[in-house]
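Student: Could you walk me through this one? I'd like to start with how the strands pair up.

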Amino acid sequence: MPFYNRERAVAYAHRWAFSRNPAYYNFDAIGGDCTNFVSQCLFAGSGRMHYRKVYGWYYNDLNDRAPAWSSVQYLYRFLTTNLGSGPYGVPQPVETLEPGDVVQLDFGEGFAHSLLVVSVRGGIQVAAHTDDSDNRPLASYQYTAARGVHIAGVRL
């Protein structure tokens, strides 16, 4: 899949927002599942992983995955600096994001929550894990800062 399929990413988010795909470990008990969920959505839309141990973005199992698959900060760094295979993005103001893009929230102690934009009609709406939600208005969160990543494409 040489392009980012936003519809597939959003469809995946809707499908798994309130449950867990058994193909992936559930990180709820060890820090939260939000970035794992967003990574799954991004993979559904991109079809490509980046198999580089430390700085890549991939998931084979709990013990064989890149930090970016399940870490807020590492995912942001991967998406905004990736020059290799897989999805890549650019920082963008949250209000300009599209369905299939990523939002990360800071609740006062650093960016700690990843969400997938699923709609922009009537304001940004997101899907997320840890505090499971779908079609939730971004405005309903109590956060101190938000940053967006527009998924610009996918490299083979």
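Student: How many bridges join strand β3 to strand β8?

Tutor: Happy to, bearing in mind that this is a predicted model. Strand β3 (residues 86-92) and strand β8 (residues 145-155) run antiparallel. Within this pairing, V90 stands opposite H150 in β8. The number of bridges joining β3 to β8 is seven.

Student: And which residue of β8 stands opposite L105?

Tutor: Here we turn to β4 (residues 102-106), which runs antiparallel to β8 and is joined to β8 by five bridges. Opposite L105, in β8, stands A146.

Student: Do the buried residues of helix α1 line one face or fall all around, and within what arc?

Tutor: In α1 (residues 6-16), the buried residues are R6, A9, V10, Y12, A13 and W16. Seen down the axis, the buried residues of α1 line one face of the helix, because they fall within an arc of 155°.

Student: What do those buried residues of α1 pack against?

Tutor: Look first at the face turned away from the buried side, where the exposed residues E7 and R15 sit. The buried residues of α1, by contrast, pack against α2 (34-46), β5 (111-119), β6 (125-128) and β8.

Student: Is D33, a salt-bridge partner of R20, buried or exposed?

Tutor: The side chains of D33 and R20 meet at 3.5 Å, N to O. Both residues lie in the loop between α1 and α2, 13 residues apart. R20 also forms a salt bridge with D28 at 2.7 Å, and R20 is partly exposed at 23% relative accessible area. With a relative accessible area of 0%, under the 20% cut-off, D33 is buried.

Terms used
Residues are numbered from 1 along each chain as its sequence is written. This is a predicted model: local features need pLDDT of at least 70, side-chain atom pairs count only at pLDDT 80 or more; totals for chains, interfaces and linings use all residues. Side-chain values use heavy atoms; hydrogens and water are left out. Two strands pair if DSSP finds at least two bridges between them. Helices (H or I, at least four residues) and strands (E, at least two) are DSSP runs, numbered from the N terminus. Buried means under 20% relative accessible area, exposed over 50%, partly exposed in between (1.4 Å probe, protein chains only). The arc is that of the directions from the helix axis to the C-beta atoms. Contact means heavy atoms within 4.5 Å. A salt bridge is a side-chain nitrogen of Lys or Arg within 4 Å of a carboxyl oxygen of Asp or Glu.
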